[in-house]
Amino acid sequence: MKFTLSWLKQHLDTTATLDQIVDALTRIGLEVEGVENPGEKLAAFRIAKVLSAERHPQADKLQILSVDAGDGPLQVVCGAPNARAGLVGVFGAPGAYVPGLDVTLKLASIRGVESNGMMCSTRELELGEDHDGIIELPEDAPIGTPYPDYAGLTDPVIDVAITPNRQDCMGVRGIARDLAAAGMGTLTPLIFDPIVTDGAGPSVRTEDTAGCPAFFAQTVAGVTNGDSPDWMRRSLLAIGQKPISALVDITNYLMIDLGRPLHVYDRAKLSGGLVARRAKDGEQVVALNGKTYTLDETMTVIADDTAVHDIGGIMGGEHSGVSADTTDVLIECAYFDPDHIARTGQKLTLTSDARSRFERGVDPAFLDDGLAIATALVLHICGGTASAVTRSGEAPVEPRVIHYDPRLSADLGGLHVAPERQARTLLSLGFTIGAIKSADAFSDALFSTIEGKWPVTVPTWRRDVDGPADLVEEVVRIEGIDNIPSTPLPRLPGVAKPTATPEQKLERRARRAAAARGLDEAVTWSFLSEAEAAPFGGGAWTLANPISEDLKVMRPSLLPGLLAATARNLKRGQQSVRLFEIGRRYLAEAERATLGVVLAGDRRPRGWRDGKAASFDAYDAKAEAIALLAASGAPADNLQVMGEAGDAWHPGQSGTLRLGPKTVLASFGMLHPLVLKAFDLDGAVAAVEVYLDAIPPKRASGFARPAYTPPALQAVRRDFAFLVPAALATDTLVRAVKGADKAAIVSARVFDVFTGEGVEDGHKSVAVEIVLQPTAKSFTDEEIKAVADKVVAAATKQGASLRA
């Protein structure tokens with residue numbers, strides 16, 4: 001939320017400097033996002049007088065002006081229709097940056113005539129939308145003076161981030177109240193003159209007491225809807241609000257000033273009285289933003305006898321909006337239920353300044369005063385005669401009393417504050433304590449009459465305060481969170497006990513192993529768009545109120561997020577992408593811990609030794625999967641490669657790693673080309689998903705590791721070359737060979753696969769190395785031959801034959 005320093009001082013009587021105010025705001029929990037001076041960008045523009053104006057010899061619509069900006073006459077070519085001798089305006093010399101045109105002025109020749117700068121319009125300086133001519137200032141404006149100094153544009157603008165629970169600070173007055181409580185000044189009283197009314201109030205009522213509990217309104221007849229006063233226009237412009245007309249600017253000004261949204265209708269465009277009711281299914285309204293919205297029966301609207309004119313509490317309708325021809329208006333001041341506003345805004349994907357305030361909760365007790373202040377401004381600026389006020393319904397203003405023990409400041413907040421100081425703080429923020437209604441009414445004698453816990457009444461504008469802990473927060477933040485002493489947590493004697501769960505330990509091992517293998521960790525959203533989830537079977541869970549359509553579906557796999565990150569990196573020139581992530585997949589039955597890996601780009605860069613760059617393939621993915629499973633504690637030697645991984649994977653270039661036919665520990669391989677196309681990826685991409693929750697836990701064996709006992713006898717290695725059918729998986733052959741003699745054979749691996757000359761069609765040659773480990777004594781030749789015979793016999797059962 002933005003406001004100027006002078007605007008703040010209308011509510012806060014203070015001598016504090018800007019720096020002191022900014023420090024205090026952040027200290028009390030209202031984080032300052034920035035401070036800017038709007039006049040800085042216009043510092044190069046000065047007030048100048050047109051000494052003479054002559055017709056351009058080469059253009060009928062251009063004039064040659066002689067301009068004095070305090071340094072003597074300068075020649076300027078100008079096309080503004082109101083440019084004339086004697087006019088006082090705003091001049092930009094060469095070198096000045098024109099924000100509305102996004103150009104920097106320089107000495108130029110226009111149709112053969114030299115021009116030394118330009119006379120500026122309101123739009124060119126981003127001070128409004130008027131572009132029909134150059135700015136005209138009073139004749140007595142001081143020539144040569146910087147325009148920001150003359151126009152009062154040197155007022156600093158403070159931008160504060162308001163958290164969702166601080167609805168009271170969605171207006172300048174609420175921020176001033178907090179600063180006053182923090183000792184930065186005194187909150188000025190909100191004073192306004194009573195309104196003289198004439199005639200009965202308008203016909204308004206509420207039929208939807210759940211969505212709109214209270215609907216107040218007042219009419220003003222005989223208004224003139226011109227421009228708003230300069231002071232109001234400057235305040236709105238300084239914070240980025242576009243002045244539109246006096247009536248619209250009044251409502252915008254009060255919304256920012258007091259946090260009270262209002263709406264003004266042109267009575268000539270209404271048919272009958274106004275009613276707050278539920279919309280009918282399919283009813284439509286064209287809002288002030290020019291868009292048409294289709295409504296349903298859960299939404300609150302303001303309608304007359306013929307049509308809907310307002311999406312209640314969010315945005316008014318275009319049809320009944322005020323214009324320059326408006327003479328009679330109806331001013332609406334209503335209270336809308338925050339939950340109804342939030343749900344309607346989410347359904348319509350419609351945001352507005354009014355919605356942001358109503359869905360947080362405006363002050364329900366500020367209806368009469370808010371309407372009176374708005375009506376008074378309309379009468380003062382636009383003239384006219386006000387009617388009586390019509391009130392329909394009742395706002396929820398029941399008092400909420402919290403019984404507060406001042407010792408909680410130290411017990412919960414960790415900060416000891418004297419009870420009298422706590423009381424003054426709460427009273428300054430608008431709370432009342434028993435019979436003490438304000439900080440000005442505080443006295444030691446009156447305070448001493450309060451015994452036991454304090455009966456603290458919560459102000460109507462503090463919807464977020466619900467219990468004693470909230471009062472502690474109010475006291476502590478005003479005192480300053482920086483004042484809370486640092487207190488170390490108590491430490492139990494002895495060695496600290498481990499707190500990590502087996503699942504956390506497993507994820508730690510997997511994360512360290514992936515990083516050690518040269519993979520870069522990524523953290524992606526748990527939410528995806530429907531288009532990103534579709535290639536992986538779609539999401540089982542969809543958010544009812546997503547913050548974006550691109551973050552709507554709970555991810556069924558970690559790969560979509562990694563693929564999107566891979567695409568971004570490749571498009572930015574990264575040659576090799578090796579990403580991993582540990583997170584959760586959200587399936588229909590449960591969420592599953594998973595490790596995802598994506599390998600894209602060059603596995604090996606081009607070089608003088610190897611020539612062209614090499615890409616990743618399915619074997620790279622398989623190697624990563626096995627290594628990560630082994631590091632995670634899975635029995636890697638017992639893994640079986642089976643089948644294809646699924647529809648998202650490339651047929652024939654993917655598989656799964658399993659323990660038995662049912663327990664799938666990982667999927668690996670190349671991704672399907674259609675999946676890559678969906679993520680705008682070119683070239684082959686390898687991937688892995690390790691299902692950490694499927695890894696069988698190790699049996700508990702205490703904390704001590706067994707002592708390392710290397711074999712006492714040297715291992716024996718033997719090589720076998722088998723001729724096998726081409727369709728036979730080498731993994732099947734290796735498993736058969738390894739199981740031929742489980743007591744003697746400790747490992748088996750393929751070290752060569754060959755097809756071609758000397759190998760008949762439909763077959764391949766597979767070379768396997770086996771390792772025999774003796775235990776009590778060395779193997780004899782007969783024992784080694786017996787094991788070899790078992791190996792050949794086991795291979796023969798798989799359709800293999802020993803090559804000569």
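Start by selecting R462 and D168: the two form a salt bridge, with the closest N and O atoms 3.6 Å apart. (A salt bridge here is a side-chain nitrogen of Lys or Arg within 4 Å of a carboxyl oxygen of Asp or Glu.) R462 sits in the loop between β29 (454-458) and α13 (468-479), and D168 in the loop between β13 (157-161) and α4 (172-181), so this pair ties together parts that are 294 residues apart in sequence. Helices (H or I, at least four residues) and strands (E, at least two) are DSSP runs, numbered from the N terminus.

Before you click on, some housekeeping. This is a predicted model, where local features need pLDDT of at least 70 and side-chain atom pairs count only at pLDDT 80 or more, while totals for chains, interfaces and linings use all residues. Residues are numbered from 1 along each chain as its sequence is written, and side-chain values use heavy atoms, with hydrogens and water left out.

**Stop 1: the charged network**

Keep R462 selected and add D464. These two also form a salt bridge, with N and O 2.9 Å apart at the closest. Is R462 buried or exposed? Its relative accessibility is 1%, so R462 counts as buried; the cut-offs are under 20% relative accessible area for buried, over 50% for exposed and partly exposed in between, using a 1.4 Å probe and protein chains only. D464 is partly exposed, at 21%. Now extend the selection to R166, D178, E474 and R477: with D168, R462 and D464, they are joined into one network by salt bridges that share partners. D168, back at the first pair, is buried, as is R462.

For another charged pair, go to E283 and R277, whose side chains meet in a salt bridge at 2.9 Å, N to O. Both E283 and R277 are buried. In total, the structure holds 36 salt bridges.

**Stop 2: helices α13 and α4**

Select α13 next. It has 12 residues and reaches 17 Å from first C-alpha to last, close to the 16 Å expected at 1.5 Å a residue; that expected span is 1.5 Å times one less than the number of residues. Its buried residues are L471, V472, E474, V475, V476, R477, I478 and E479. Show the surroundings, and you'll find these buried residues packing against α2 (18-27), α4, β27 (400-404), α10 (408-411), α11 (419-428) and β29. Step just past the end of α13 to G480, which takes a positive phi of about 110°.

From there, hop over to α4. How many of its residues are buried? The count is 10 of the 10, so α4 is largely enclosed by the rest of the structure. Among those buried residues are R173, R177 and D178. After α4 comes G183, with a positive phi near 85°.

While you're here, click R177 and W461: the charged end of R177 sits over the ring of W461, 4.2 Å from its centre. That label calls for NZ of Lys or CZ of Arg within 6 Å of the ring centre and within 35 degrees of the ring normal. R391 and F216 make another such pair, with R391 over the face of F216 at 5.8 Å from the ring centre.

**Stop 3: the nonpolar cores**

Select L25, I175, L179 and L295. Of the 114 residues in the largest nonpolar core, these touch the most other members. (A nonpolar core is a set of buried Ala, Val, Leu, Ile, Met, Phe, Trp, Tyr and Cys residues joined through side-chain atoms within 4.5 Å.) Helix α9 (residues 367-382) supplies the largest share of this core, eight residues.

Centre on L295. Setting aside neighbours within four places in sequence, its contacts (heavy atoms within 4.5 Å) include E283, V285, V301, I311 and L348. Then jump to A510, A625, A634 and L657, which belong to a second, separate core of 29 residues.

**Stop 4: the aromatic pairs**

The structure holds nine aromatic pairs. Rings of Phe, Tyr and Trp (its six-membered ring) pair if their centres lie within 6.5 Å; planes under 30 degrees apart count as stacked, over 60 as edge-to-face and the rest as tilted. Select W7 and Y253: their ring centres are 4.8 Å apart and their planes at 5°, so the pair is stacked. W7 is in helix α1 (residues 5-9) and Y253 in helix α6 (residues 246-258), 246 residues apart. Add W231, which makes an edge-to-face pair with Y253, with centres 5.3 Å apart and planes at 85°. W231 is partly exposed, at 36%, whereas Y253 is buried, at 5%.

Last selection: Y404, F442, F447 and W454, which ring pairs link into a cluster.
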